[in-house]
Amino acid sequence: MSIKDKEKWDKKYNQIPTLLEPREATLFVKKYATVGGGLKALDLACGVGRNSIYLANRGFSVDSIDISKEALDILNSRINFGVNTIEADLDDYIFKDRYNIIVKCNYLDRGLIERTKSSLELGGVYIVETYLDDKDNEKKESNPNFLLKKGELKQIFKDGFEILEYNEFTNESFESYRMKKAAIAVRKI
Ligand SMILES: C[S@@+](CC[C@H](N)C(=O)[O-])C[C@H]1O[C@@H](n2cnc3c(N)ncnc32)[C@H](O)[C@@H]1O
């Protein structure tokens, strides 16, 4: 486990109370994860689990992975069914199960998307939403690799997936900085 990432995120969750506030699930999760009875979902870098909680409430059985114990403790305190929290470093986590929906929100790791494509069942939905490289972003990211290029998500999913919807937009008002984001929902074919 990357101790540095873990310490960094545990500290953030301890020191920035707004990160712990319950939030609505992201738009594409609400739009494309409607029926989940008996189905499995994977929430990558779930944080305090706004998307995990939404999915569990719709009947999905959710594996929720994050490196921060602080975040997972909050998630576990908010729901006691449907969510299986896993404290792990996604840099080297080995995925064994297969899922009907995979969500990766506000966490960019291109390699992780590639590694998890095969964990999605045929017909399953993959949803990614994260920050875009844009000149008007209020926060200048120290590592440009953590930002998407415009249209990049469509390239990432061009083979073997049907694009259900793609959007570029300004982030939600509760976030600390005005940033451009991109979101995609695709179906594995
Ligand atoms: C900005 S938060 C996103 C939380 C959630 N997906 C959401 O959209 O509300 C990023 C999350 O990534 C987690 N994270 C960072 N590096 C990680 C790693 N190497 N392995 C697993 N989780 C990691 C952090 O602990 C944090 O909860």
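## A pair of strands to begin with

K40 stands opposite S61 in β2. This is a predicted model, and that residue pair is a handy place to start looking around. Strand β1, residues 40–44, runs parallel to strand β2, residues 61–66, and five bridges join the two.

## The whole sheet

Let's widen the view. Both strands belong to an open sheet of seven strands, ordered β3-β2-β1-β4-β5-β7-β6, in which the pairing is mixed. At the edges you will find β3 (83–87) and β6 (161–170), each of which pairs on one side only. On average, neighbouring strands of this sheet are turned by 15° against each other, direction ignored.

Helix α4, spanning residues 69–78, packs on the sheet and touches β2 and β3. The direction of α4 makes about 165° with that of β3.

## Where two helices meet

Helix α4 also has a helical partner. How do α1 and α4 lie relative to each other? The axes of α1 (residues 3–15) and α4 come within 7 Å and cross at roughly 55°. An angle from 35 to 65 degrees counts as oblique, so α1 and α4 are oblique to each other.

From α1, the residues D10, Y13 and N14 meet K69, E70 and A71 of α4. Sorted by class, this contact has three charged, two nonpolar and one polar residue.

## Around the ligand

Which residues are closest to the ligand? They are W9, A45, G47, I67 and C105, out of 17 residues that surround the ligand. The shell is a mix of classes, with eight nonpolar, five charged and four polar residues.

Definitions and conventions
Residues are numbered from 1 along each chain as its sequence is written. This is a predicted model: local features need pLDDT of at least 70, side-chain atom pairs count only at pLDDT 80 or more; totals for chains, interfaces and linings use all residues. A residue is near a molecule or strand if its C-beta atom, placed from the backbone, lies within 6 Å of it. Ala, Val, Leu, Ile, Met, Phe, Trp, Tyr, Cys and Pro count as nonpolar, Asp, Glu, Lys and Arg as charged, and the others, Gly among them, as polar. Two strands pair if DSSP finds at least two bridges between them. Helices (H or I, at least four residues) and strands (E, at least two) are DSSP runs, numbered from the N terminus. Axes are lines fitted to C-alpha atoms, for helices over the stretch in contact, and angles run from 0 to 180 degrees between N-to-C directions. Two residues are in contact if their C-beta atoms, placed from the backbone, lie within 7 Å. Angles under 35 degrees count as roughly parallel, over 145 as roughly antiparallel, 65 to 115 as roughly perpendicular and the rest as oblique.
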